[in-house]
Protein chains: 2
Amino acid sequence: MADTRTKLLEAALVTLGKHGIAGTSARTIAAEAGVNQALVFYHFGSVDQLLVAACEHGSRQRVALYRARFASVTSLRELLDLGRSLHAEERAEGSVAALAQLLAGGQTDPKLAPATTVGLNLWIEEVRQALERVLATSPLAEFVDVPGLARATAAAFVGLELYEGVDPEGAGQAFDALEGLVALAGALDEMGPLVRRAARARLRRHS
Amino acid sequence: MADTRTKLLEAALVTLGKHGIAGTSARTIAAEAGVNQALVFYHFGSVDQLLVAACEHGSRQRVALYRARFASVTSLRELLDLGRSLHAEERAEGSVAALAQLLAGGQTDPKLAPATTVGLNLWIEEVRQALERVLATSPLAEFVDVPGLARATAAAFVGLELYEGVDPEGAGQAFDALEGLVALAGALDEMGPLVRRAARARLRRHS
DNA sequence: GTCTATAGTCGGATAGAC
DNA sequence: GTCTATCCGACTATAGAC
């Protein structure tokens, strides 16, 4: 059985998923962990500090769990598939939902903001590596800043996660539309040199 | 001068932006509006119901304000530019930030969820109309479900808004990467028939 | 419609026994 | 390390005067 410190870290994430940032308190977390409320302050000093620690703990743990699957991705298609299963699995598990809640809290709580940045960056780095690999031979890599694209992708993913929470049907349609986009990107890769020439010509004209 | 009801609706949005969903209460809203706390319950029955009303009120108002600019967009480029200024202006104004906070709250509060769906759908509809128009002659329209793409775009936009709140520099890089994407999409349009043929061939092979 | 006052609950945080 | 007990402030919501 895990020690109290770990139980609190894990309970904090579950509580964020269950009750949102607004319903997350020392009491609700301790209840979820099955321990006394005062232990939050003994082990972490304050609720905020527990949330900060939980954010890093949870992200590290989940990212490590998916690392092998990120590494085995060989195409944009497969990356989107991984995104969809990650979405489904983490929605059940709740750690991306917790990150989303912390992100919302971090907008107005300066103590939370840097912690969520750290958590997000762990995901972003995995996405970046996968994108660098998958787009190595694609014209996309020439015209798009891949590290920036990885950031945009991770942020968009969190947005879709939140969207799913209030309108699952709409979010489903949104995800489906992305299938079309990656199919087009695949076609682009096959016409590589042609696309490169046209895009370069266009860039010269417009800049 | 606005009546109390309207003052409360507007104060609710400002408060969501300033203090987040976790720091938004009848007291903080009433303080922002400069009226008595009991009036929240007199006019709206509960804090939740005020937030629901404020979400619709704010979205309708802001969407109406941007309608003309959405209508004047004639290319993906211009749509991205509009997105960037909308991002900048609304970040100062705070109504998209409020929507993001309600979205986070809606994850766990069933009374908030449908209200945020309504608010989001107002934006989605504008984006959809602009995309239908802008992509009318683009190969994108043939291979991507545009209504779904509009939903994905709006959700991604909210995700980027939240990302900006905790890591402005990272979010800037994310937005910049999108410039490359729309430039490529522009090149795609110019090679329309070619791309269409290649993409169709590819789809036949992969489906 | 707006105010004061207040009941009752919940949350952050600490003191001190074990 | 963990518990009980407790202070204090903030919260939702209502009653009732004006």
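## Contacts with DNA strand C

A polar side-chain atom of A:Q37 sits 3.0 Å from a base nitrogen of DNA strand C. The model that shows this is a predicted one. Two further polar contacts go to the backbone of the strand. At B:N36, a polar side-chain atom is 3.0 Å from a phosphate oxygen of DNA strand C. At A:A26, the partner is a polar backbone atom, which lies 2.7 Å from a phosphate oxygen of DNA strand C.

Around DNA strand C there are 15 residues. Those that come nearest are A:A26, A:F41, B:T4, B:N36 and B:H43. On the DNA side, 52% of the strand C atoms within 4 Å of the protein belong to sugar and phosphate.

## The surface near DNA strand C

Both chains contribute helices here. Chain A brings helix 2 (26-33) and helix 3 (38-44), and chain B brings helix 3 (38-44); each of these supplies at least two residues of the surface near DNA strand C. Helix 3 of chain B gives the most, with four residues.

What is the make-up of the surface near DNA strand C by residue class? Seven residues are nonpolar, seven are polar and one is charged.

## Contacts with DNA strand D

DNA strand D also has 15 residues around it. A:T4, A:N36, A:H43, B:R27 and B:F41 come nearest. Sugar or phosphate makes up 56% of the strand D atoms within 4 Å of the protein, and bases make up the rest.

Three polar contacts reach phosphate oxygens of this strand. A:T4 places a polar side-chain atom 2.7 Å from a phosphate oxygen of DNA strand D. B:S25 also uses a polar side-chain atom, at 3.2 Å from a phosphate oxygen of DNA strand D. B:A26 uses a polar backbone atom, and the distance to a phosphate oxygen of DNA strand D is 2.9 Å.

## The surface near DNA strand D

Helix 3 of chain A, helix 2 (26-33) of chain B and helix 3 of chain B each give at least two residues to the surface near DNA strand D. Which element has the largest share? Helix 3 of chain A does, with four residues. By class, this surface has seven nonpolar residues, seven polar ones and one charged one.

## How the two chains are related

Chain B superposes on chain A with an RMSD of 0.1 Å. The operation is a rotation of 180°, with 0.0 Å of shift along its axis. The two copies are therefore related as by a two-fold rotation axis.

Why can the copies be said to meet through the same surface? Because 100% of the interface residues of chain B are also interface residues in chain A.

## A cavity in chain B

The structure contains three cavities of 30 Å³ or more. The second largest cavity holds about 70 Å³ of space. Its lining consists of B:L13, B:C55, B:G58, B:S59, B:S95, B:V96, B:A98, B:L99, B:L102 and B:W123.

Two elements of chain B give two or more residues each to the lining of the second largest cavity: helix 4 (47-71) and helix 6 (95-106). Helix 6 of chain B gives the most, with five residues. The lining has seven nonpolar residues, three polar ones and no charged ones.

How values were computed: Residues are numbered from 1 along each chain as its sequence is written. Chains are lettered from A and ligands numbered from 1 in the order in which they are written. This is a predicted model: local features need pLDDT of at least 70, side-chain atom pairs count only at pLDDT 80 or more; totals for chains, interfaces and linings use all residues. Side-chain values use heavy atoms; hydrogens and water are left out. A residue is near a molecule or strand if one of its heavy atoms lies within 4 Å of it. A polar contact is a pair of N or O atoms within 3.5 Å; within protein, one must be able to donate a hydrogen and the other to accept it, and residues adjacent in sequence count only if both atoms are side-chain atoms. Ala, Val, Leu, Ile, Met, Phe, Trp, Tyr, Cys and Pro count as nonpolar, Asp, Glu, Lys and Arg as charged, and the others, Gly among them, as polar. On a 1 Å grid over the protein atoms alone, a cavity is a set of points where a 1.4 Å probe fits but cannot get out, and a pocket is an open set with protein on both sides within 12 Å along at least five of seven lines; lining residues have an atom within 4 Å of a point. Grid points are joined across faces, edges and corners, and a volume is the space filled by probe spheres set on the points. Copies are superposed by least squares on the C-alpha atoms of residues with pLDDT of at least 70 in both. Contact means heavy atoms within 4.5 Å.
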